[in-house]
Amino acid sequence: MSTPVLTKPAPEAVIRRGPTAAARLTSLMPVIALVTLVVALAIADPGFLTERSLVAAVNTAAPLAVLAAGATLVVLCGGIDLSIAALASFSSVLLAMWLPILGGASILAVVAVAGAIGALQGVLHVTLRIPSFIVTLGGMSILAAVGLVISNAGPIPVVDDRPLAWLNLYVAGRVPMAVLVAVVVIAAIALVVRLTPLGSYVTATGYSESAARLAGVPVDRVKIGAFCASGACAGLAAVMLVSRNYSGSPTMADNLLLPAVAAIVVGGTAITGGHGSLWRTLAGALVVTLLRVGLPIVGVPSAYEQILYGAIIVVAVALTLDRSKILTVK
């Protein structure tokens, strides 16, 4: 008796089918949400569509976009970085302390230190096999405590802000420098991901870490690199925040964690990893910022802001979650 042979469809056949309608809708979700929100705010307040209001909104979104872009890489790898806001706050304290000593070099030093801290968390995650949620939750607590200690639990004023003044300039008199920096950073990361093997490595790691390892993908190095980039982006976001507030504070960016996570999931990045886009995260950051700006316009008290973020995260995750990766819902 001959043994039946099980055949699988050729990969080419699967590729030819292309993205499903649901996948296309998910990819367009942040743009649809952004356009809908702008139209709603314009109806509520016709003065919102002025150049001044729109420039102020995108300028406000710049630090959040940088913060969320770095964390997007970790999520694409199937992890999560809960320490980004605490790391940004800690970095703002370091920057305020180092500016009088190092001058403009303190910017590079802070970004480098933040990247190293992110890489360290990545090393702990891959070597000790501890879930990224736990590693970064512990990192968040440690960084918040250290920031409070070295700053004496208070803000550190920046007496000489000349090394940071360039971030408050406007290109061609209209485009805020901070917005330009955010776009350049996101574009640089996106190009590296797209034009190098790193893109396929990140996607493979996020879809199935075990399969990626069997295929020869350097999963551990990819994850450490993603955490390093997330940390460096948190450091750069801190530089932007200090340039606006003229001080560093151990709690300066603490209120940006939920908005950053919301920006990532609203941008269509699956929290289970393997699918997403840095550019859609930028759109998600604009959506979250416009929600924050728009609440007072429509007469909603700012106290409801956290409720709104929580609802957005739940709905966005429900729409983008890859349920094939979840065997049991707990």
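Which helix is T289 found in? Keep that residue in mind; we will select it partway through the tour. The model on your screen is predicted, so every stop below describes computed coordinates.

**Stop 1: the whole chain**

Start with everything in cartoon view. The chain holds 13 helices and four strands. Of its 330 residues, 46% are buried. If you switch on the surface, about 16400 Å² is exposed, with carbon and sulfur atoms supplying 70% of it. Among contacts with a separation of 6 or more, 77% join residues 24 or more positions apart.

Now colour the annotated spans. The unreviewed UniProt entry places the feature "transmembrane region" at residues 21–44, 56–77, 133–151, 171–193, 224–244, 256–274 and 306–322. Two of them are worth a look in the model. Residues 56–77 are 95% helix and 0% strand, and their end C-alpha atoms lie 33 Å apart. Residues 224–244 are 100% helix and 0% strand, with end C-alpha atoms 31 Å apart.

**Stop 2: T289**

Here is the residue from the opening: T289 sits in helix α12, residues 278–297. T289 has a relative accessible area of 5%, so it counts as buried. Show its surroundings, setting aside neighbours within four places in sequence, and you will find contacts with A57, T60, A61 and L64.

**Stop 3: helix α11 and I264**

Select residues 257–266, helix α11, where nine of the 10 residues are buried. Those nine are L257, P259, A260, V261, A262, A263, I264, V265 and V266. Just after the helix, G268 takes a positive phi of about 90 degrees.

Centre on I264, which lies in this helix. Its relative accessibility is 5%, which means that I264 is classed as buried. Beyond residues up to four places away in sequence, I264 touches A68, A71, T72, V75, T269 and T281. For a distance label, pick the C-alpha atoms of I264 and L282: they are 8.3 Å apart, with the two positions 18 residues apart in sequence numbering.

**Stop 4: helix α5 and what covers it**

Next, select residues 105–127. Helix α5 has 23 residues and reaches 33 Å from its first C-alpha to its last, close to the 33 Å expected at 1.5 Å a residue. Colour its buried residues, among them S106, I107, V110, A114, G115 and I117. Further along, G118, A119, Q121, G122, H125 and V126 are also buried. Bring up α4 (84–102), α6 and α10 (219–245), which are included in what covers these residues. R129, just after α5, takes a positive phi of about 55 degrees.

**Stop 5: S89 in α4**

Stay with α4 and select S89, which lies in that helix. Why does S89 count as buried? Because its relative accessibility is 0%. Leaving out residues up to four places away in sequence, S89 touches S249, P250, T251, M252, A253 and D254.

**Stop 6: α10 and its salt bridges**

Helix α10 has 27 residues and reaches 39 Å from first C-alpha to last, close to the 39 Å expected at 1.5 Å a residue. Just after α10, Y246 takes a positive phi of about 55 degrees.

Show side chains as sticks here. Side chains of opposite charge can pair when their charged atoms come close. One such pair is E209 with K223, whose closest N and O atoms are 2.7 Å apart. This salt bridge links distant parts of the chain, with E209 in helix α9 (residues 209–214) and K223 in helix α10, 14 residues apart. E209 is partly exposed at 26% relative accessibility, whereas K223 is buried at 9%.

Add R213 and D220, another salt bridge, with closest N and O atoms 2.8 Å apart. R213 is partly exposed at 33%, and D220 is partly exposed at 24%. Include R129 from the previous helix stop, and you have a network of salt bridges linking R129, E209, R213, D220 and K223. The count for the model comes to six salt bridges.

**Stop 7: the nonpolar patch**

Finish on the surface. Select M97, I142, V146, V149 and I150, which make a nonpolar patch of about 410 Å². Helix α6 (residues 132–150) gives the most to this patch, with four residues. V146 lies in that helix, and its 33% relative accessibility makes it partly exposed.

Technical notes. Residues numbered from 1 in each chain as written. Predicted model: local features only at pLDDT ≥ 70, side-chain atom pairs only at ≥ 80, totals over all residues. Heavy atoms only, no water. Patch = residues over 30% accessible without salt bridge, like charges linked within 9 Å, V, L, I, M, F, W, Y side chains within 5 Å. Areas by Shrake-Rupley, 256 points an atom, 1.4 Å probe, with all protein chains shown as cover. Salt bridge = Lys/Arg side-chain N within 4 Å of Asp/Glu carboxyl O. Helix = DSSP H or I, 4+ residues; strand = E, 2+ residues; numbered from the N terminus. Buried < 20%, exposed > 50% of the residue type's maximum accessible area, 1.4 Å probe, protein only. Expected span 1.5 Å × (residues − 1). Contact = heavy atoms within 4.5 Å. UniProt positions renumbered as here; feature names shortened; annotations may be inferred.
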